[in-house]
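Welcome! Please look over the sequence and the model below, then work through the exercises at your own pace.

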Amino acid sequence: YLAKLTLESINAPVNTDTIYIPIVTSTIFASMFITKKVATIHTIPVSVIPSLTMAKPELFFIPVLLGSVFSCFDSRKYKSRNVIYKSALYAGAGIAVMQTIVLLNIYSFRPSSEFILIPLSIFGSLISGITVNGLLPVFGNVFGFTTDIVYMELINLNHPLLRKLILKAPGTYNHSVMVSTLAEAAAEAIGANSLLAKAGGLYHDIGKI
């Protein structure tokens with residue numbers, strides 16, 4: 001919608017093929033920062049509202065609604081930035097498949113310029129992955145969100161604070177490693193966030209330095 005307003009304000013032609021390229025960006029953020037369920041629900045307004053501004057809403061609504069759900073599948077498993085790209089590509093592939101089905105249903109196998117939407121869906125998912133990776137530190141700091149990527153950085157044994165613990169209180173460090181291992185296993189057993197538990201175990205006695 002904002003893209004459409006921007007184009008209209010400068011009297012540029014509104015090309016619906018390019019307006020919604022990075023559409024799954026907010027869905028991935030919702031999956032990372034909140035939960036998979038919230039992200040899945042979030043796909044509904046993300047799909048419905050922009051489609052109302054388009055001449056052929058069915059070309060947007062159906063593929064984006066169903067395809068974006070694929071970007072939620074890796075919820076709470078973002079242990080590296082590569083996983084973000086994988087989630088985005090899942091969404092892009094899902095949208096492309098649904099786009100193909102919808103277009104074939106409308107045009108059969110007759111040529112149409114709207115088939116360009118299929119590769120654009122894949123390209124858009126790549127842009128979404130790049131956007132999420134770029135904005136992740138900013139959103140995390142501004143809104144106070146902590147992701148699994150942050151926990152992975154914290155449990156790195158080369159972290160300056162952990163290295164200081166090793167040097168100043170090696171006994172406490174060994175105890176903390178044992179606690180973190182037990183906490184991680186317990187969290188995995190009950191379906192909790194094992195990375196959060198592991199980080200908490202490593203740092204729970206950090207005050208002893």
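## Exercises with worked solutions

The protein exposes about 11,300 Å², and carbon and sulfur atoms supply 68% of that area. Please keep in mind that this is a predicted model.

**Exercise 1. Describe the overall make-up of the protein: how many helices and strands does the protein have, and what percentage of its residues is buried?**

Step 1. Count the elements: the secondary structure comes to 11 helices and 0 strands. Reading along the sequence therefore gives the pattern α-α-α-α-α-α-α-α-α-α-α.

Step 2. Turn to burial. Of the 209 residues in the protein, 40% are buried.

Step 3. Look at the contacts with a separation of 6 or more: residues 24 or more positions apart account for 66% of them.

**Exercise 2. Find out which residues of helix α5 are buried and where they sit around the axis.**

Step 1. Go through α5, which spans residues 58-68; its buried residues are Leu59, Phe60, Pro63, Val64, Gly67 and Ser68.

Step 2. Check their directions from the axis. These residues cover an arc of only 105° around the axis, which puts them on the same side of α5.

**Exercise 3. Work out how many residues of helix α3 are buried, and list them.**

Step 1. Take the helix from end to end. Helix α3 covers residues 25-33, and 8 of its 9 residues are buried, so this helix is mostly covered.

Step 2. Name them: the buried residues of α3 are Thr25, Thr27, Ile28, Phe29, Ala30, Ser31, Met32 and Phe33.

**Exercise 4. Trace the aromatic rings: how many aromatic pairs does a search of the whole structure find, and which residues form one aromatic cluster?**

Step 1. Start with the total. The search finds 3 aromatic pairs.

Step 2. Take the pair of Phe29 and Phe139. The ring centres are 4.9 Å apart and the planes stand at 40°, so this pair is tilted. Phe29 belongs to helix α3 and Phe139 to helix α7, and the pair links distant parts of the chain, 110 residues apart.

Step 3. Compare how well the two rings are covered. Phe29 counts as buried at 8% relative accessibility, while Phe139 counts as partly exposed at 27%.

Step 4. Move on to Phe139 and Phe143. Here the ring centres are 5.8 Å apart and the planes are at 85°, so the pair is edge-to-face. Both residues lie in helix α7, 4 residues apart, which is about one turn of the helix. Phe143 is exposed, with a relative accessible area of 55%.

Step 5. Put the rings together: Phe29, Phe33, Phe139 and Phe143 form one aromatic cluster.

**Exercise 5. Identify the residues of the nonpolar patch on the surface and the helix that gives the largest share of it.**

Step 1. List the members. The patch is formed by Ile34, Val38, Leu135, Val138, Val142, Phe143 and Phe145, with about 600 Å² of accessible area together.

Step 2. Assign them to helices: helix α7 (residues 117-143) supplies the largest share, 4 residues.

Step 3. Pick one example. Val138 is found in helix α7, and at 44% relative accessibility Val138 counts as partly exposed.

**Exercise 6. Locate the salt bridges: how many are there, and which parts does the Glu184 pair tie together?**

Step 1. Recall the idea behind the search. Side chains of opposite charge can pair when their charged atoms come close. The count comes to 2 salt bridges.

Step 2. Inspect Glu184 and Lys198. Their closest N and O atoms are 3.8 Å apart, and the two residues form a salt bridge. Glu184 lies in helix α10 (residues 170-190) and Lys198 in helix α11, so the pair ties together parts that are 14 residues apart in sequence. Lys198 is partly exposed, with a relative accessible area of 23%.

Step 3. Inspect Asp205 and Lys208. In this salt bridge the closest N and O atoms are 3.7 Å apart. Asp205 counts as buried at 15% relative accessibility, whereas Lys208 is exposed, with a relative accessible area of 57%.

**Exercise 7. Decide whether Ser194 is buried or exposed, and find which residues Ser194 touches.**

Step 1. Place the residue: Ser194 lies in helix α11, which spans residues 194-203.

Step 2. Check the accessibility. Ser194 has a value of 11%, and buried means under 20%, so Ser194 counts as buried.

Step 3. Leave out residues up to four places away in sequence; Ser194 then touches Glu184, Ala187 and Glu188.

Methods
Residues are numbered from 1 along each chain as its sequence is written. This is a predicted model: local features need pLDDT of at least 70, side-chain atom pairs count only at pLDDT 80 or more; totals for chains, interfaces and linings use all residues. Side-chain values use heavy atoms; hydrogens and water are left out. Helices (H or I, at least four residues) and strands (E, at least two) are DSSP runs, numbered from the N terminus. Buried means under 20% relative accessible area, exposed over 50%, partly exposed in between (1.4 Å probe, protein chains only). Contact means heavy atoms within 4.5 Å. Accessible areas come from the Shrake-Rupley method with a 1.4 Å probe; for residues, only the protein chains shown count as cover. The arc is that of the directions from the helix axis to the C-beta atoms. A salt bridge is a side-chain nitrogen of Lys or Arg within 4 Å of a carboxyl oxygen of Asp or Glu. Patches are made of residues with over 30% relative accessible area and no salt bridge: like charges are joined within 9 Å, nonpolar side chains (Val, Leu, Ile, Met, Phe, Trp, Tyr) within 5 Å. Rings of Phe, Tyr and Trp (its six-membered ring) pair if their centres lie within 6.5 Å; planes under 30 degrees apart count as stacked, over 60 as edge-to-face and the rest as tilted.
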